[in-house]
Amino acid sequence: MIFNSDDEIWNLIWTVDEHPDGEDKIAVLGDALESAERSHNDELINYCLVDLMVAYVCSPDATRLVDTFRRLQQRWTEQPSSFDSYLTHRYLWGHKWVLNALRDNPDVPWPEVEEAWHDLKEAYKANGHSLNAVYLEEAKIAHHIGDGDRVNAALEQADLHEPDELSDCHACRMKQLADLLWDSDAPADTITPHLRSALEGSDACSSQPQGALAAAMFAHALTEEPDQARNAHLEGYALTRGRGDLLDYVIEHLQFCVVSGNESRAVDILTEHARLLFGPLNPAVELSLYNVLSLLCRRLIELGHKEYRIPGPYEKSWSALDLLPFADERRYELSHRFDRRNGNAHRTVASDDVANFGRLPIAVPLGFKNVRPTSDSAVKTETSPPEYSEDDLDEAILEAQQRTDQFLPRQTVAWEKVGEISHRLGVELHGSLEAQVAYAKTHTLYEPHETLPELERIFELFTEADLPGRALALQVEILSESFHQSPHQVLEALELVRKRAEELYSDGRIDERDYYSVRATTLRVEAGRIHQLVMSEEEEPARLLALYDRATELDSILETFAHRWAYFRRCDVLDLAAGLTEDHDRRVEILRKAYDLALLSENPGVLNRICMNLSTTYMGLEQPVNAVAIAEKGVEEIGPYIHPGIVITLYNVLAEAHGWLDDEDECQRACLKMAEWGDEHDIPSGGLVARHMMALSLRRQGRHREAIDYFEAVLPEVDEEDVGHLINLNAHLAEIYEEIGQAESGLYHANRALAIMEENPELQVETLWANSLWTAAQLLQSAQRYDEALEMFPRAAQAFERDGAFQLWARASRSVAWLLVEPPGLPIEAMPTASEDEFTKALSTMAYIAERLLEEARDESAAEAYRIQCRVELGHTYRQHAQLLYRSLTKQLGRTPADREEIAPLLELELKARDAYLEDPAFPTQAVEAVENAMILLYSAGSTSEADNLGKQMLSRLSGEHAAAGSAIEEWLTQGFDS
């Protein structure tokens, strides 16, 4: 880059922090230094050297700063007078940066590292600074070579000196202590107090709280606090991602994900940072990277995913199996280079410790989709199979038969054990025993194509064993899975089964349990198929009512049996009846009865199902407290054969209900469990919805950067046909990126949401459409794409107007007015000069907005809350109209408005704003600001008495909590405006 004058270089120096860190910034500062040297401006040269040194520190390879610091050191020796207080502070601080850079470069002889530490000590002593920072730096270099005695001695010396402005911030000092304790194998509960102190203190630098959070996630996991560990990772990574100067912390997050059971998340982090991590790196950071890469590859291979693709060096994707030897070779090379320089084997031992680290004592679920062990996984529990005898088989059969009055899972487990023992002994079971074992195994099958053939085989076995009751029950189950048959065919077959059951019961060939079980299950299947029939508007409710009556009649009969099987069947029947009534109160009453019976049945599966239906009913009635109580009972005891969809729904209810109750911690715990069940059981919607709800919860907490991780994780999981979900996700992401100031990322998602809605007009919900236009317009404005913003804001205003959201219509319309004359975000010298026509158009727009809002605020048919909102927006509009008019008058007059006549229209607008605000007691502060502006105008025009009267009137309207808002007015009245 070419600089034509010192002023251009100074302008770069004053704005250097606005430039993103990286190689481009380093190159520009290098060019600026060369230009400054040609002009022989000593102070400017020093500033360029300091900023270049800082730019190297903020890059992935900070070891490059050494030469720059040496040049600065020479100038300090030769021309100390050319260093002001800022340059002096930076120069002295640079001693620490150089020491770290030399330590982290294995090609620098160790005596040079020690010499740099002594230079640091002498420089701080000579300039009257505390030696606290000096001894903490000594502890770091001693720790690097594994000299524990020197570490302890240095820490003792550091404690003898108070920190000063050249010491690391409090948070960094606490993080350093935590790291030293960690590597000395101190108990985790002795580490967390230092990290808590780091996170709670206000004294922190640009690398904090990221560093403390990176250490805290491990410490909390070791003390078995998964929620705190998860939050430390989410918050810390959100603050660390993309930072080239904090890659060591990025790598710590990588390591945490691997050892906490979140391997896919580790690969995602690696993928996101591949360009930085596999570019030029500080050798110490590179060693940390390959330590963790080795650990990640080992873990994936253990899980049976040796072909899992991982980003690696040379801009290519590697399999875990191929990358492991490369990573090991690279870390051995680096660690041996350090050890040869340091004179011991400490770095190699430390490298092996990381690369072969096992697992944390607890898994820390993050809710992101993860790899699962495959059939080739080495992560297995090796157990010797038990030895069985024929006596064991007889006992197992007897126990299973005695459990006939028990239901899943106890009966199923008992028959599965019979099957296992008979298989181990090579004994062939016959008749009903074979049928019972086969039936027990079907409860692990959830897909109809798996279940149906097996049920048909078992039906034949029960028939051959002359167990007609069980055969009929199986026939009903087969019909429930027979989706290849039409509803009419299934209903006709069910009627035959029901009649056959009545005949067998009359003949005494089946008992009460089998008979009423068939009746109950027949009703359930019949209800499902009736909904599939094409019926007239009159026929459908009649058939459903008849079904409801039959269900309640059967419940009355079953009520006479005091057996667990009857409780179970009553739950079936009542659950069906609840689904057939439109009366919400009646539905709750029925399900509450079923809930009590489910408790009596001692059947976790039944209880889980009833809790699911009752809790979702409570949520539909907007009773989240009741929903939580029931759903929590439902997940207290989850049977081993419960359909995972029921569990996912229960956790979904808990997440939604806790969100309603503003208990976001509990909401997030439920989301994590929902994601775990969905991902573990290959139910994509479960994990997808869980991550979406997790993102929404984090957003409600204001944890926007953490929410982005989950929203972005959900996007690739959503089916392209699910356009409604895609619109929702992209709209959320656009809004969050707008809130955190990342305009281009936000625009990508805003435009995606708008494009999908334009392609699918039936999904163009006016409110979402208007909000998406508004977000896109704000993002275009933030990106300084003003011409496009001028096109987008009117579209948003029109959409808000169609939606009846006049407050938002007013905001979008005011944005148009401002963009016409004064685009925000531009420096004064770059501000375009608005023409008289543009000012006229902008002022007319403001007047029209006020007129429309006044109409809405006076509409007595509208809700009072809405009218208040319109009055507040009216106040904002009057004030902004006054600001625009002030600029217009200044342009016309060639000076600021000064006399009473010139300020009259401005004064009128400010007082109108005051009156609009004062109609709502909650907005006196805005009214005060309007009055202050009016008083300034009057004072400037020499109308002091009028200004004072306005101030006194305003103060008389303030009281209680709002009294302090008038402090400026009180000061003007007592001491005079000029003071």
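This is a short dialogue on reading salt bridges, burial and surface charge in a predicted model.

Visitor: How many salt bridges does the structure hold, and which parts of the chain does the pair Glu138 and Arg150 tie together?

Guide: The structure holds 61 salt bridges, and in one of them the side chains of Glu138 and Arg150 meet at 3.0 Å, N to O. Glu138 belongs to helix α7 (residues 132-144) and Arg150 to helix α8 (residues 148-159), so this pair ties together parts that lie 12 residues apart in sequence.

Visitor: Is Glu263, which forms a salt bridge with Arg299, buried or exposed?

Guide: A residue counts as buried when its relative accessible area is under 20%. Glu263 is buried because its relative accessible area is 2%, and Arg299, with 11%, is buried as well. The closest N and O atoms of Glu263 and Arg299 are 3.0 Å apart, and the pair links distant parts of the chain, with Glu263 in helix α14 (residues 263-272) and Arg299 in helix α16 (residues 283-302), 36 residues apart.

Visitor: Which residues form the negative surface patch, and where does Glu390 lie?

Guide: The negative surface patch is formed by Glu390, Asp391, Asp394 and Glu395. Glu390 lies in helix α19 (residues 390-402), and this residue counts as exposed because its relative accessibility of 57% is over 50%.

Visitor: Is helix α31 mostly covered or mostly open?

Guide: Helix α31 is mostly covered, since 12 of its 17 residues are buried, among them Ile646, Leu650, Tyr651 and His658. From its first C-alpha to its last, α31 (residues 644-660) reaches 24 Å, close to the 24 Å expected at 1.5 Å a residue.

Notes. Residues numbered from 1 in each chain as written. Predicted model: local features only at pLDDT ≥ 70, side-chain atom pairs only at ≥ 80, totals over all residues. Heavy atoms only, no water. Patch = residues over 30% accessible without salt bridge, like charges linked within 9 Å, V, L, I, M, F, W, Y side chains within 5 Å. Areas by Shrake-Rupley, 256 points an atom, 1.4 Å probe, with all protein chains shown as cover. Salt bridge = Lys/Arg side-chain N within 4 Å of Asp/Glu carboxyl O. Lys, Arg positive; Asp, Glu negative; His and termini not counted. Charge placed at Lys NZ, Arg CZ, Asp CG, Glu CD. Helix = DSSP H or I, 4+ residues; strand = E, 2+ residues; numbered from the N terminus. Buried < 20%, exposed > 50% of the residue type's maximum accessible area, 1.4 Å probe, protein only. Expected span 1.5 Å × (residues − 1).
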